[in-house]
Amino acid sequence: IANGAPTTAAANKALKTLYSAAFVDKMSRSTQVSEARDLWETIAIAPGLSKNGAPIMDKYMPKDAANQLAYVNDAEAFYKYGPGLSGSNASFKKAVVVRDSFFREIDERLFEKGGSIATFRFSHGETTMPFYALLRLNPQATTAKPFTYDSTKWSGNDEAKYATNIDWYVVSKGTPSKTIPNSVLVTMRVNERPTRFSAACSIYEVTPYWYDLAGLKKCVARS
């Protein structure tokens, strides 16, 4: 995908908005793609900084070239941080550490009377995308090859938005218990919206977004 004809053509077109045609054409195709992707990443960030005085740089990136380079970026992220290859968890197994820390914080607070009332973490898409994939927060995502938006139902714009937040809220009925079913319930919100865990997880009674903690640990571990 990164070295295919559509990408090299997009890179050539984008770079010629900044440099002379003669200069660009002296570069190898791989160099053009590398430089154009760097340019695209700068331009992709610029709108989020516009209120801080950063210039909007659309004139340096034709829309069709931007779309192709965004597609290349998403394809790379899909295989590096997202659902990845069929039958493999290599792209998202690193998120197991994050998942386990969520449960550990809950246990420390409820059962060991330690920990904090709330725990906040700041991270980047390199953390949130694997976490999305591990928890199967996008149930439509597939590992079809080759990567396309239609075949995989996956986009970095959805999985790694600016200021994405993933929140777990925990409540207990009376004294928290590890053995009494439904004494501790967990719900999740993604970007402030109630969100279900994997379809492998059973909801609490008739509520669509609350889960028994003990059951959630088991189903998330195998989802």
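**Entry 1: helix α1**

I started with helix α1, residues 5-15, and listed its buried residues: T7, T8, A10, A11, N12, A14 and L15. The model I am reading is a predicted one. Next I looked up what these buried residues pack against, and found α2 (21-25), α3 (29-45) and α4 (63-80). For the spacing of the list I keep one rule at hand: an α-helix has 3.6 residues a turn, so residues three or four places apart point the same way.

**Entry 2: salt bridges at α1 and α2**

I searched the whole structure for salt bridges and got 5. One of them joins the side chains of K13 and D64, at 2.8 Å from N to O. K13 belongs to helix α1 and D64 to helix α4, so this pair ties together parts that are 51 residues apart in sequence. Are the two partners buried or exposed? K13 has 39% relative accessibility and therefore counts as partly exposed. D64 is also partly exposed, with a relative accessible area of 44%.

I then noted a salt bridge between the side chains of D25 and K16, 3.2 Å from N to O. D25 is partly exposed at 48% relative accessibility. K16 is partly exposed as well, at 34%.

**Entry 3: a surface patch**

I looked for nonpolar side chains on the surface and noted a patch formed by L18, Y19 and F23. Together these three have about 280 Å² of accessible area. F23 sits in helix α2. Its relative accessibility is 44%, so F23 counts as partly exposed.

**Entry 4: R37**

I checked R37, an arginine in helix α3. Is R37 buried or exposed? Its relative accessible area is 15%, which is under the 20% limit, so R37 is buried. I listed its contacts, leaving out residues up to four places away in sequence: L69, V72, N73 and E76.

**Entry 5: nonpolar cores**

I turned to the largest nonpolar core, which has 26 residues. Which of its members touch the most other members? They are F131, W168, M188, F197, L216 and V220. At least two residues of this core come from each of α5 (96-110), α6 (125-135), β1 (166-172), β2 (184-190) and α9. A second core, separate from this one, has 16 residues, including L39, W40, I43 and L69. L69 had already come up as a contact of R37.

I also pulled the contacts of M188, again without residues up to four places away in sequence. They are L135, L137, I166, D167, W168, R193, P194, T195, R196, F197 and Y209. W168 and F197 appear both here and among the core members named above.

**Entry 6: positive phi after β2**

I checked backbone torsions. Most residues other than glycine have a negative phi, and most peptide bonds are trans. N191 has a positive phi, near 55°. E192 has a positive phi too, near 75°. N191 is in the loop between β2 and β3, and E192 is placed in that loop as well. With 25% relative accessibility, N191 counts as partly exposed. E192 has a relative accessible area of 49%, so E192 is partly exposed.

**Entry 7: the disulfide**

I searched the whole structure for disulfides and found 1. It is formed by C201 and C219, with their sulfur atoms 1.8 Å apart. The torsion about the S-S bond is about 90°, so the disulfide is right-handed. C201 is in the loop between β3 (193-195) and β4 (210-212), while C219 is in helix α9 (residues 213-222). The pair is 18 residues apart and links distant parts of the chain. Both cysteines are buried.

**Entry 8: K217 and D107**

I stayed with helix α9 for one more salt bridge, where K217 pairs with D107 and the closest N and O atoms are 2.8 Å apart. K217 is in helix α9 and D107 in helix α5, so the pair ties together parts that are 110 residues apart in sequence. K217 counts as partly exposed, at 26% relative accessibility. D107 has a relative accessible area of 15%, so D107 is buried. Side chains of opposite charge can pair when their charged atoms come close.

Definitions and conventions
Residues numbered from 1 in each chain as written. Predicted model: local features only at pLDDT ≥ 70, side-chain atom pairs only at ≥ 80, totals over all residues. Heavy atoms only, no water. Buried < 20%, exposed > 50% of the residue type's maximum accessible area, 1.4 Å probe, protein only. Helix = DSSP H or I, 4+ residues; strand = E, 2+ residues; numbered from the N terminus. Contact = heavy atoms within 4.5 Å. Disulfide = S-S within 2.5 Å. Patch = residues over 30% accessible without salt bridge, like charges linked within 9 Å, V, L, I, M, F, W, Y side chains within 5 Å. Areas by Shrake-Rupley, 256 points an atom, 1.4 Å probe, with all protein chains shown as cover. Salt bridge = Lys/Arg side-chain N within 4 Å of Asp/Glu carboxyl O. Core = buried A, V, L, I, M, F, W, Y, C linked by side-chain atoms within 4.5 Å.
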